[in-house]
Amino acid sequence: MKKIHSLTGMIDLLGQKDNESSQSDKIFNTEKSLIKIFKNYSLNEIRTPALEDEQLFNRSVGESSDIVNKELYSFQDKNEKTISLRPEGTAGVVRSIIEKKLENDFHRLWYLGPMWRYERPQKGRYRQFNQAGVELLGYKEGLAELEMISMVISINAELNIKNPKIKINHLGDNESKESFCNDLKTFLEPHAKNLDKRDVDRLNKNPLRVLDSKSMDTQKVLKSAPKISDYISQDSLNMLETVKETFPNENIEIDHSLVRGLDYYTGFIFEAVSEDLGAQDAYLGGGRYDQLFEELGGKKLPAIGMAIGIERLAEISKNTSSRQTLISFMILSDKIQQKAYKIAHDLRSLNKDIVFEVSLGEGSLKSKLRRANKDKASYAIILGDEELASETILLKSLQEDNSDQKKLTLNEIKKFISSI
Ligand code: HAM
């Protein structure tokens, strides 16, 4: 029978006890660390559906973005409604708060889950990937910006990221953004023949996106183009300086060519990048979106947020996970299975900080021990007919420098497990 393969750009993750540096284990640990940080920052979780009305993304992420133009997974459901797999999390969060009529309050939210973009897969770029996101809703420009950058710094520290760089920029208010875009377009149009083909297309759809071009030719032309810093107000420039001054020990760079690939941003924007990632060097990005609530039919509500690419963050995290002690419990005879299992169940409940694996019939004692060694278990608890009859167990150390084996009473093993 012909085998069925996974789709291009979509990966399976399978945890392995004996290989903690496997991609899956790194991803699971990264998610755990991020959730810990989110709770430390007093955020509440929000979960929104993976599928939304396509219109939600057209009206938020925006018609001029690559995400909406080329990358949306959209299709008709059985009722011929056009729905999309979410390419990002912000739009769904905003839709949900508007729908629940919760715009009169402040919200500090986090989420985690898969997103889909029909991109050309390459290192660090997938068609299904995982994002953790944070949205601070109801907070106007000021402290919320500092809170976001503080969180980025905590992420870098907790995940032990080497040489992280945080790039920040300000898009000004709507008026200054519009007048900058107009002037940039007027300046670039006569140079169209010197621009990369893709940038000519961007120029027509969203001139700001040209600033993000990787083409040397385009960057050469941009050298003498109008600068966003000449358009934004002194207050906006001060905001950027305030962020730098608040965190003087961090590598924070004001980068006026920084633009984001989504249309909803209005003021302060930022990205964290690492040279260790290669071409796709941003492992998180975000910014302020003060108009999005109104654009989606809600009340005016200022907001700022960010999303972290889990696969990219896991790739550069130097965090070595804290291994828990693994105990492997082996039942030697079919006749005593139920009674032995009951003992395992009781022992397991004594210490929630250890990993307690009961062999569920994986072959002979020899193969059970081989497996426990492969999984780097610290101890094996062995229980056969004889031990059960005398209310004892065998405790075997599997540590490299110690292969002791002792007979212990049930009380003794209980004490031992509680003490680990
Ligand atoms: P974004 O910059 O499109 O922002 O995505 C955030 C992060 O997701 C990127 O920095 C990257 O690490 C990761 N990412 C994006 N696309 C892929 C992909 N194809 N494969 C792997 N990783 C990827 C947003 O999504 C906004 N919703 C962020 C935000 C929240 N702004 C305000 N609130």
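Which strands does helix α2 (residues 54-62) lie across? In this predicted model, helix α2 lies across β2, β3 and β4, and runs at about 75° to β2. That makes the little sheet under discussion a handy place to start.

The sheet is open and built from three strands in the order β2-β4-β3, with antiparallel pairing. Because β2 (51-53) and β3 (73-76) each have a single partner strand, they stand at the edges, and one side of each is left without a neighbour in the sheet. Going from one strand to the next, the twist averages 35°. Four bridges hold the antiparallel pairing of β3 with strand β4 (residues 82-85). To pick out one pair, glutamine 76 has threonine 82 as its bridge partner in β4.

Next comes the pairing around β5. Strand β1 (residues 44-45) runs parallel to strand β5 (residues 107-116), and two bridges join them. Here asparagine 44 finds its bridge partner in leucine 109 of β5. β5 also pairs with β6, this time antiparallel, through ten bridges. Within the model, tryptophan 110 stands opposite valine 134 in β6.

β6 turns up again at the ligand. The shell around the ligand takes at least two residues from each of β6 (128-137), β10 (282-288), β11 (303-309) and α11 (310-316). Of these elements, β10 gives the most, with six residues. Altogether, 27 residues sit around the ligand, and those that come nearest are Glu88, Phe129, Gly285, Gly305 and Gly309. Sorted by class, the shell has nine nonpolar, eleven polar and seven charged residues.

Two helices round off the picture. Helix α5 (residues 143-158) packs against helix α9 (residues 234-246) at an angle of about 45°, and their axes are 10 Å apart. The two are therefore oblique to each other, and their crossing is right-handed. On the α5 side, the contact is made by Glu145, Leu146 and Ile149, while α9 brings Met239, Val243 and Thr246. By class, that contact of α5 with α9 comes to four nonpolar, one polar and one charged residues.

Note on methods: Residues numbered from 1 in each chain as written. Predicted model: local features only at pLDDT ≥ 70, side-chain atom pairs only at ≥ 80, totals over all residues. Near = placed C-beta within 6 Å. Nonpolar A, V, L, I, M, F, W, Y, C, P; charged D, E, K, R; others polar. Axes fitted to C-alpha atoms, helices over the stretch in contact; angles between N-to-C directions. Parallel < 35°, antiparallel > 145°, perpendicular 65-115°, else oblique. Left-handed = near helix turned anticlockwise from the far one by under 90°. Contact = placed C-beta atoms within 7 Å. Pairing = 2+ DSSP bridges.
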